[in-house]
Amino acid sequence: MSDIVVADHLGKCYGTFRALNNVSFHIQEGECFGFLGHNGAGKSTTMRMIYGLSTVDEGCLRIFDRPIHLTPPEIKKFLGIVPQEDNLDPDLNVLENLEVYGGLFGMSHKEARTKGRKLLALMGLEEKAASSVESLSGGLKRRLVIARALINDPRLIILDEPTTGLDPHARHLVWQKLRDLKNEGVTLILTTHYMEEATQLCDRLVIMHEGLILAAGSPQELIERYIPPYVLEIRLPIHALPADFMAKANKTGFEALQIVDAIFLYSHHKSQLSDTAGNLGVPLEACFSRPANLEDVFLKLTGKGVER
């Protein structure tokens, strides 16, 4: 597969604040590529460079094999944008929102209406065509925003926190629609706080922190590279643990990690978790054993809990 976006040593400063520091990555055509990180990690700065709201001040950015300083209209016409906040027009009904947006890309009213109806059917919204935007649930609004992003047949869709605020059912519906788009050959760029979302959707991703890329790879590659496969969560307040708990855990072969008021013990041997928990002075009912996941990698590399 060819690279549709290539970033080489990107840097960005806002006054004395360095938002990006020597950031490099490449995104292949037809994949879903993710950016994980807390607010201020550099995700939004990177996205703004790609879709043309911020200039490339340091390094090189290539989109569709063209070097970019500020993404021009001839590149933007191949992009679809799903912003974090729904910015639908409440004065227009569902179909009209698509028709007006299509007009921005030079489509006739008839062409935009025909394409809009097809997109509503694609997103399961055909029965809502004449409904007001305000009558839609949060999940339906997100699907409408995704439909709007497809009106110009984009080759690349940028999704900024696409399921924030949605209930689990709506989130899974949006995930499936995004999988369908990827299966049709559309390239997706995803920023998210949800580790499960990244695991479900991303072929590859980067973890960003304070303007740096800390790690890159597929979700499974990152788990195997940075974390032993088995995890024991200690569900007790820190003050309730024995004073020498962390030292004992490390001596028994665990990799122990404390994040704020949570303790995680990692091991390459599943039996070690249950066999030695009691020896550490912790009651078994306060221990929860599970496989390692992407959130564990995030916790270890950034040293911070995941924002909720």
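The charged end of Arg148 sits over the ring of Tyr101, 5.1 Å from the ring centre. This is a predicted model. Tyr101 itself is partly exposed, because its relative accessibility is 22% and buried means under 20%.

Tyr101 also has an aromatic partner, Phe105. The two ring centres are 5.6 Å apart. Their planes stand at 65 degrees, so the pair is edge-to-face. The cut-off for that label is over 60 degrees. Phe105 is partly exposed too, with a relative accessibility of 31%.

A second charge lies over a ring elsewhere. Arg235 is placed over the face of Phe288, at 4.3 Å from the ring centre.

Now to the aromatic pairs. How many aromatic pairs does the count come to? The count is 5. One of the pairs joins Phe25 and Phe33. Their centres are 5.8 Å apart, and the angle between the planes is 25 degrees. The pair is stacked, because 25 degrees falls under the 30 degrees cut-off.

Are Phe25 and Phe33 buried or exposed? Phe25 is buried, with a relative accessible area of 6%. Phe33 is buried as well, at 2%. Both values are under 20%, which means they meet the cut-off for buried.

Phe25 and Phe33 also belong to one aromatic cluster, together with Phe35.

Here are the four ring residues with their accessibility.

| Residue | Relative accessibility | Class |
|---|---|---|
| Phe25 | 6% | buried |
| Phe33 | 2% | buried |
| Tyr101 | 22% | partly exposed |
| Phe105 | 31% | partly exposed |

Conventions
Residues are numbered from 1 along each chain as its sequence is written. This is a predicted model: local features need pLDDT of at least 70, side-chain atom pairs count only at pLDDT 80 or more; totals for chains, interfaces and linings use all residues. Side-chain values use heavy atoms; hydrogens and water are left out. Rings of Phe, Tyr and Trp (its six-membered ring) pair if their centres lie within 6.5 Å; planes under 30 degrees apart count as stacked, over 60 as edge-to-face and the rest as tilted. Buried means under 20% relative accessible area, exposed over 50%, partly exposed in between (1.4 Å probe, protein chains only). A charge sits over a ring if NZ of Lys or CZ of Arg is within 6 Å of the ring centre and within 35 degrees of the ring normal.
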